[in-house]
Amino acid sequence: TRSIRPYDGLGDIWTMVVRSAYAQLEHNPLMLAATVLGMILIYLVPPAATVIGLAIGAWLPALIAALTWLAMAAAGAPTLRLYHMSPVRGLLLPVAGLLYTAMTVHSACRYWAGREGFWKGRTYP
């Protein structure tokens, strides 16, 4: 698999996602809130609960959270293999989830500021 769209860094990817993420939520603040909550629960709670559980000695919750985090990583392994990447990178899915959530919130902020749809130096309605 080879991309024909060059993205030189996070900034290019950020701009690409921001231009349409809130539109995909139909510009609905409730859908945005539900999406942000869902992303937090799915991607951020497992690693945070693992670390906090280990730090305070709550071994069973830490184990459950760690297993959830590992299941998340395992679910992403086939895609990583397709791109000839180590399945260990799946452990970084929480970082990707956090970034995508931030991009989605940024997309909503741009919409509310009247600057939706900016891409490659042009603004789209």
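Tyr22 is buried, with a relative accessible area of 0%; buried means under 20% relative accessible area, exposed over 50% and partly exposed in between, using a 1.4 Å probe and protein chains only. This is a predicted model, in which local features need pLDDT of at least 70 and side-chain atom pairs count only at pLDDT 80 or more, while totals for chains, interfaces and linings use all residues. Residues are numbered from 1 along each chain as its sequence is written, and side-chain values use heavy atoms, with hydrogens and water left out.

Let us stay with Tyr22 for a moment. The structure holds two aromatic pairs. In one of them, Tyr22 and Trp112 meet edge-to-face, at 5.6 Å centre to centre and with 75 degrees between the planes. Rings of Phe, Tyr and Trp (its six-membered ring) pair if their centres lie within 6.5 Å; planes under 30 degrees apart count as stacked, over 60 as edge-to-face and the rest as tilted. Because Tyr22 lies in helix 2 (residues 21-24) and Trp112 in helix 5 (residues 93-112), the pair ties together parts that are 90 residues apart in sequence. Helices here are DSSP runs (H or I, at least four residues), numbered from the N terminus. Unlike buried Tyr22, Trp112 is exposed, at 52% relative accessible area. Tyr111 joins Tyr22 and Trp112 in one aromatic cluster.

Helix 5 also has a partner in helix 1 (residues 10-18): their axes come within 8 Å and cross at roughly 55 degrees. Axes are lines fitted to C-alpha atoms, for helices over the stretch in contact, and angles run from 0 to 180 degrees between N-to-C directions. That makes helix 1 oblique to helix 5, since angles under 35 degrees count as roughly parallel, over 145 as roughly antiparallel, 65 to 115 as roughly perpendicular and the rest as oblique. Among the residues that meet are Trp14 and Val17 in helix 1, and Met103 and His106 in helix 5; contact means heavy atoms within 4.5 Å.

Next comes Thr50, whose place is in helix 3 (residues 29-56). Thr50 counts as buried at 9% relative accessibility. Leaving aside neighbours within four places in sequence, Thr50 touches Ala62, Ala65, Ala66 and Trp69.

Finally, two loop residues deserve a look. Most residues other than glycine have a negative phi, but the two below have positive values.

| Residue | Phi | Loop | Relative accessibility |
|---|---|---|---|
| Glu26 | near 60 degrees | between helix 2 and helix 3 | 61%, exposed |
| His84 | about 55 degrees | between helix 4 (59-82) and helix 5 | 77%, exposed |

How values were computed
Helix = DSSP H or I, 4+ residues; strand = E, 2+ residues; numbered from the N terminus.
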